[in-house]
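Trainee: I am new to this structure and would like a close look at a single part of it, the nonpolar core, with enough of the surroundings to place it.

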Amino acid sequence: MEKQGWNQSRNKESAEEMERSRVAFNLRRMRTSYTMGDLLEERSRGVSTELSLSHYDPFTIKKKMKPSDLGNLCRLLVPSDLVEKHILPFLNTAQANQVAGVVSQETNRGLKVRVWDVNTGSMHRLVFKRWSTSRSYIFNDGWTKDFVKRRNLAEGDEIGIYWDKDQSGFTFSVLSRACLVR
């Protein structure tokens, strides 16, 4: 009885080894049968069957903190080209109008937005708007208190932000610190 159990175990190991060998053989064969002509044809058609393990980075807006983002101006300045590419297309018309300040003839009060701090698991509210004195966009009304001071941001720290269309809000993260000692 003991010998039969040992034989079954050995047969199972042998079958697993055969399967691994078969898979390895097929992979080697696929790699060697893929010619330079195949690669050139793929490129000419704008496709690729090559697999890569690339890292998906959702933070479409990245910024190294400058003194103006951390000081008494109480705002985070975001370049307009990034906002127009990665945020505005996902806002509805009313939201985009609030950001741009075309809702009323009054001063641009902006769009109140939720900002999820992914590092600390906390939600905050800021105002997102087009800055009237430049072609840029800003976050204010809580930026300094909720992010600069609470997260101890310093010049050179890199932050990331993206618009989460499913949650209709921003996601924020400190991506790297300028130095380890604060």
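Trainee: To begin with, how many helices and strands are there in the protein, and which residues of the largest nonpolar core touch the most other members?

Mentor: Please keep in mind that this is a predicted model. The protein has six helices and seven strands, and from the N terminus on these elements follow the order α-α-β-α-β-α-α-β-β-β-α-β-β. Of its 182 residues, 30% count as buried, and the largest nonpolar core holds 26 residues, among which Val-113, Phe-128, Phe-139, Trp-143, Leu-153, Phe-170 and Phe-172 touch the most other members. Two or more residues of this core come from each of strand 2 (76-78), strand 3 (111-117), strand 4 (122-130), strand 5 (137-140), helix 6 (143-149), strand 6 (158-164) and strand 7 (169-176). Looking closely at Phe-170, and leaving aside residues up to four places away in sequence, we find that Phe-170 touches Ile-87, Val-113, Arg-114, Val-115, Trp-116, Phe-128, Phe-139, Ile-161, Tyr-162 and Trp-163. Among these partners, Trp-116 deserves a second look: Trp-116 lies in strand 3 and, together with Val-118 and Met-123, forms a nonpolar patch on the surface with about 260 Å² of accessible area. Trp-116 has a relative accessible area of 33% and is therefore partly exposed, since buried would require under 20% and exposed over 50%. For the protein as a whole, the accessible surface comes to about 12,900 Å², and 53% of that belongs to carbon and sulfur atoms. Finally, of the contacts between residues at least 6 apart in sequence, 53% join residues at least 24 apart.

Definitions and conventions: Residues are numbered from 1 along each chain as its sequence is written. This is a predicted model: local features need pLDDT of at least 70, side-chain atom pairs count only at pLDDT 80 or more; totals for chains, interfaces and linings use all residues. Side-chain values use heavy atoms; hydrogens and water are left out. A nonpolar core is a set of buried Ala, Val, Leu, Ile, Met, Phe, Trp, Tyr and Cys residues joined through side-chain atoms within 4.5 Å. Buried means under 20% relative accessible area, exposed over 50%, partly exposed in between (1.4 Å probe, protein chains only). Helices (H or I, at least four residues) and strands (E, at least two) are DSSP runs, numbered from the N terminus. Contact means heavy atoms within 4.5 Å. Accessible areas come from the Shrake-Rupley method with a 1.4 Å probe; for residues, only the protein chains shown count as cover. Patches are made of residues with over 30% relative accessible area and no salt bridge: like charges are joined within 9 Å, nonpolar side chains (Val, Leu, Ile, Met, Phe, Trp, Tyr) within 5 Å. A salt bridge is a side-chain nitrogen of Lys or Arg within 4 Å of a carboxyl oxygen of Asp or Glu.
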